[in-house]
Amino acid sequence: MKEKSATERWQRAFGEAAEALPGAGVDWLRESRANALARFTASGFPTRRDEEWKYTGVSPVEQEIAGLVLRPGTVTEEDIQAYLLTELTTHALVFVDGHFSPTLSRIGDLPAGVTLTNINNLLEQNPERLHPHLAHDDETRWFAALNQALLIDGAYLELPSNTAMETPIHLLFVATDNSEQRAVQPRNLILVGAQSTATVVEHYVGLGGKCYLTNSVTDIVTGEGAVLHHYKVQQEGTNAYHIGTMRSRQAAASRFDSHSIALGGRIVRNDVYARLEQSGASCTLNGLFLGSGRQHIDNYTWVDHLVPQCTSSAFYKGILDDNARGVFNGRVYVHPDAQQTEAMQSNANLLLSRDAEIDTKPQLEIYADDVKCSHGATVGELDPTAIFYLQSRGIDKDAARSLLTFAFAGDLLRHIELMPLRKRLEEIVIARLPNSETVKDLL
């Protein structure tokens, strides 16, 4: 029988894979998966009529992606060498087409009480430990519900209270040609105990030019006084779709710093939901996105101020060339009890061609009266006076444009405290600019 819709294809994929999915024998997870699929089937894929997706159509995802990657492709150390953060003594968990690869991963000595493993392993060893975090029966967001139903694997990090994780953790998700027209569904959990600190780099790369979907969900919980530095680097393949959801919940006096760098992909959507649930919590959301060709990169942020005396800051920058299109849709929601809230969000965009587009929509929704909140957005081109000045110093026009473009990006990259990662990203950004060798010499 001919299938009528994409949701029917996903129902079929779920039916075919259900017994092979991790945790198939765990009653609460099996029930949660079925409920999530039912909610996804009822709602279908989002459309432009849904306000959150007003600027991004996902019909290509709906039409071209047909199922799951149940068997990972082959990846060697040499294949991923360029993506590993060898400058750092990191713990690295590598996932190939959504499946954990123990041979490519390396986990060194961990502080006492720290758990760093993959979700699938925990489902086999101690599934009840995941129950509070995976048994979501209220998941209504389209792609997150699909992830809930069909998750294959992901990273699990848990720090007990009063633990300093000095060594950064690198989570590397690699897509191979085996993922052609199929989806990988990473699910990550990061739990940072009270007064503990950690640094996590979440990194997505595509090794080929195939069409596939990465539909990731990362849940983050920071305890009282905890500090988490989180970096997300997206370098998917040129024909890939990337839909990422990150949700954070913060306890009193905790600090969550998030830096999102979006470089690859054909259609990209990054959703960030931050909940400041106890007083004194602070949240920083920084983002840089570079688009060229016909790339479409959408950043959606929602910061929930639920209690008094919390602070948040969102600072996103976009650089768009050719026919690329970018979106920044950010909202800060201040609840009635959230007095003495301080919140700021800013979005600045640089258009390098007449055909590049940006839709920017920073929003404040405030129901408390003692707050300091601000928002703003700018869209502009390179300053011709500055280009002329550099040309007058003997720099050719392309190099002058590239220098100014890098300076625009560098204003955000300098907020990255993990220096080897910052240097790596600076090199990647420079490599994408015209006359990059000259730019390197001039810096």
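In this predicted model, valine 379 makes contact with Asn349, Leu351, Ile358 and Thr360 when residues up to four places away in sequence are set aside. Valine 379 belongs to strand 20, which spans residues 371-380. With a relative accessibility of 47%, valine 379 falls in the partly exposed class, because that class covers values between 20% and 50%. A look along the chain gives a sense of scale: alanine 38 is 341 residues away from valine 379 in sequence, and the two C-alpha atoms are 41 Å apart in space.

Strand 20 is part of an open sheet of ten strands, and the reader can trace the order as 2-1-5-8-10-12-14-16-18-20, with mixed pairing. Strand 2 (99-100) and strand 20 form the edges of this sheet; each has a single partner strand, so one side of each is left without a neighbour in the sheet.

At the strand 2 end, the pairing with strand 1 is antiparallel and rests on two bridges. Valine 96 is placed opposite histidine 99 of strand 2. The hairpin of these two strands has two residues between them, and aspartate 97 adopts a positive phi near 50 degrees there. On its other pairing, strand 1 runs parallel to strand 5 over six bridges, with phenylalanine 95 matched to phenylalanine 173 as its bridge partner in strand 5. Strand 1 itself, residues 91-96, is mostly covered, with six of its six residues buried. The burial extends to both faces: His91, Leu93 and Phe95 lie on one side, Ala92, Val94 and Val96 on the other.

Just before strand 5 in the chain comes threonine 163, located in the loop between strand 4 (155-159) and strand 5 (169-175). Is threonine 163 buried or exposed? Its relative accessibility is 8%, and threonine 163 is therefore buried, the limit for that class being under 20%. Leaving out residues up to four places away in sequence, threonine 163 touches Pro111, Ala112 and Val114, together with Gln195, Ser196 and Thr197.

Further along the sheet order, strand 10 offers a second example of a covered strand, with nine of its nine residues buried. Val227, His229, Tyr231, Val233 and Gln235 point one way from strand 10, while Leu228, His230, Lys232 and Gln234 point the other way. Strand 10 runs parallel to strand 8 (residues 197-206), to which nine bridges join it; here valine 205 has glutamine 235 as its bridge partner. Helix 10 (residues 419-431) packs on the sheet and touches strand 8, strand 10, strand 12 and strand 14, with its direction at about 25 degrees to that of strand 10. The pairing of strand 10 with strand 12 is also parallel and comprises eight bridges, and lysine 232 sits opposite serine 260 of strand 12.

Lysine 232 also appears in the account of enclosed space. The search of the whole structure identified four cavities of 30 Å³ or more. Lys232, Met246, Asn270, Asp271 and Val272 are the closest to the centre of the largest cavity, out of 13 lining residues. This cavity holds about 90 Å³ of space. Strand 9 (213-222), strand 10 (227-235), strand 11 (241-250), strand 12 (255-262) and strand 13 (267-276) each contribute at least two residues to its lining. By class, the lining of the largest cavity comprises two nonpolar, eight polar and three charged residues.

Turning to open space, the second largest pocket contains about 260 Å³. Its lining is made up of 15 residues, and those nearest the centre are Asp321, Leu352, Arg432, Leu433 and Pro434. Both strand 14 (282-291) and helix 9 (397-413) supply at least two lining residues, and helix 9 gives the most, with four. What classes of residue does the lining of the second largest pocket have? Six are nonpolar, four are polar and five are charged.

Conventions
Residues are numbered from 1 along each chain as its sequence is written. This is a predicted model: local features need pLDDT of at least 70, side-chain atom pairs count only at pLDDT 80 or more; totals for chains, interfaces and linings use all residues. Side-chain values use heavy atoms; hydrogens and water are left out. On a 1 Å grid over the protein atoms alone, a cavity is a set of points where a 1.4 Å probe fits but cannot get out, and a pocket is an open set with protein on both sides within 12 Å along at least five of seven lines; lining residues have an atom within 4 Å of a point. Grid points are joined across faces, edges and corners, and a volume is the space filled by probe spheres set on the points. Ala, Val, Leu, Ile, Met, Phe, Trp, Tyr, Cys and Pro count as nonpolar, Asp, Glu, Lys and Arg as charged, and the others, Gly among them, as polar. Buried means under 20% relative accessible area, exposed over 50%, partly exposed in between (1.4 Å probe, protein chains only). Contact means heavy atoms within 4.5 Å. Two strands pair if DSSP finds at least two bridges between them. Axes are lines fitted to C-alpha atoms, for helices over the stretch in contact, and angles run from 0 to 180 degrees between N-to-C directions.
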